[in-house]
Each structure stands twice: as C-alpha cells, then as structure tokens.
Amino acid sequence: MSPRESKKARKARSAEIYQLLLGEYPDAECALRHASPFELAVATILSAQCTDVRVNMVTPELFRRYPDPESLAAALPEQLEDVIRSTGFFRNKTRNLIGMANALLDEHGGELPRNIKQLSALPGIGRKTANVILGNAFGIDEGVVVDTHVKRLSGRMGLTKEVSPVKIERDLMALFPREVWTMLAHLLIYHGRQVCNARRPRCNQCELSHLCPSSAV
C-alpha cells in the first residue's frame, strides 16, 4: 500500500484487481465439498491446520456415518477420532464436532444459525469459519475470509499494511463492495495457489503484475 496512493485510487485499483481475477477464475468456489450447511460446518472445523484436499478425502466416510447433528452429537469420541485422525489435532476436533452438534440441537433446533454472532459461539467455529459458512452455505456476505493466501496476497498487492486477520479483513471490506466479499476470498485463494505462491510467486505469469507493487516484472 503506497503512502502516496489515495483512498480513491486504491479503490479503483482494487476494483480492477477483482475484475481481472474474476476473468481468470470465473468458476472459483469453496474447495470443501459439502451438500448442506451442516456438512460445510463440519468440513471447516476439520480444515483447521489441514489441507482442503485431505479434508475432502475424509468427509465422505464421515458424512456417511454422521449425516446430521443428531448422529454426530451421539458419536462415540474414539470412533469419530478414528475417522478424522488424518486431519491432525483429531482429539480437539472431535470435541469441537460433538460440541457443535450438541449446541445445534440444544440451542438452534438442529439448524445452523444465519448470523455471525451465533455461529461464532459454536464450538470450533471462529469468525473466519463463520464467514465461510455464511458466504458459501447461505449466500450471506458478512465478511471476507482471511486465510494464509488472502493474508499473503492482500499484503503483496498493497491492499493492506495490517498483519492480523481481523484488521486485514476490515481493510478489504472497506475496499470492496459487500456483494463480492465471499467471491473475493475464493479468487485470492485460487490465485495464491496457482500463481502468487508463498516462496516463488510467478510474477511473469501474473495478469495483475501491472497493478501489484510487489511485482518482480
């Protein structure tokens, strides 16, 4: 973020970045496979410190055994641990999954709430996870998901100087219109995985190089 760049100029540059990314990845979407808001909530809890690819390998069997909050709430911890073991931190995730399912049954009639305060209060679900669920399961643009890719790219592109996810999200929400917040995260994640990777960004292949203050081209 150049100190000489005005807020108006930064917003205009941000809009151009978004349109170019949308042109590059028009089919960008949530990488976690799910067929319901409940399945997405389970998958996002599993995705902590784990790749989406690994989560997608685990969830078919998990959803077969525990297709709804009732069955998950009644799960035997040691059996659930065996199913999700390969995602890492499986004991903590087991507690969160069973706790989340029980909270849904006890407090929300077995349904995922559609507001960020109630979602964030569920075991295993913080603001980032709540944003994933709201945006992808319900089409509600409540905020911007800030994962490692979004954090890295928003800094490199000069969209923020912040380092904490909460402050980065605040800056991105100020730059982009609400109706694109969910898609923005998908686009940045796709670009981060395919072009602007952590160790060796491929600036010479990047459609945004002329808009990026970190470009090596």
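Read along the sequence, the protein chain of this predicted model follows the pattern α-α-α-α-α-α-α-α-α-α-α. The secondary structure comprises 11 helices and 0 strands. The C-alpha trace spans about 55 × 30 × 30 Å along its principal axes. For 217 residues, a compact globule would be expected to have a radius of gyration near 17 Å, and the value of 19 Å for the protein chain agrees with this.

Burial, contacts and surface were examined next for the chain as a whole. Of the 217 residues, 49% count as buried. Among contacts between residues at least 6 apart in sequence, 60% join residues at least 24 apart. The protein chain exposes about 11300 Å², of which carbon and sulfur atoms supply 51%.

With respect to charge, the protein chain carries 29 positive and 24 negative side chains. The centres of these two sets lie 10 Å apart. The count of salt bridges comes to 9. One of them links distant parts of the chain, with D52 in helix 3 (residues 52-65) and R193 in helix 11 (residues 181-194), 141 residues apart. In this pair, the closest N and O atoms of D52 and R193 are 3.0 Å apart. R193 is partly exposed, its relative accessible area being 42%.

A salt bridge is also found within helix 3, where R64 and E61 are 3 residues apart and thus separated by about one helical turn. The N to O distance between the side chains of R64 and E61 is 2.7 Å. R64 is exposed, because its relative accessible area of 59% is over the 50% cut-off. E61, in contrast, has a relative accessible area of 29% and is partly exposed. In addition, E5, R10 and R13 are joined into one network by salt bridges that share partners. A salt bridge is likewise formed between D82 and R85, with 2.9 Å between the closest N and O atoms. R85 has a relative accessible area of 39% and is therefore classed as partly exposed.

Two residues were considered individually, namely L72 and R127. L72 is placed in helix 4 (residues 69-73). With a relative accessibility of 2%, L72 counts as buried, since this value falls under the 20% limit. Leaving aside neighbours within four places in sequence, L72 is in contact with F38, V42, Y66, L80, L97, I98, M100 and A101. P177 lies 105 residues from L72 along the chain, and the C-alpha atoms of the two residues are separated by 37 Å.

R127 is located in helix 8 (residues 127-137). The relative accessibility of R127 is 34%, so this residue counts as partly exposed. When residues up to four places away in sequence are not counted, R127 touches I116, S120, E142, G143, E169 and M173. Between R127 and L211, the C-alpha to C-alpha distance is 30 Å, while the separation in sequence is 84 residues.

How values were computed:
Residues are numbered from 1 along each chain as its sequence is written. This is a predicted model: local features need pLDDT of at least 70, side-chain atom pairs count only at pLDDT 80 or more; totals for chains, interfaces and linings use all residues. Side-chain values use heavy atoms; hydrogens and water are left out. Helices (H or I, at least four residues) and strands (E, at least two) are DSSP runs, numbered from the N terminus. The radius of gyration is taken over C-alpha atoms; the globule rule is 2.2 Å times the number of residues to the power 0.38. Buried means under 20% relative accessible area, exposed over 50%, partly exposed in between (1.4 Å probe, protein chains only). Contact means heavy atoms within 4.5 Å. Accessible areas come from the Shrake-Rupley method with a 1.4 Å probe; for residues, only the protein chains shown count as cover. Lys and Arg count as positive and Asp and Glu as negative; His and the chain ends are not counted. The place of a charge is taken as NZ of Lys, CZ of Arg, CG of Asp or CD of Glu. A salt bridge is a side-chain nitrogen of Lys or Arg within 4 Å of a carboxyl oxygen of Asp or Glu.
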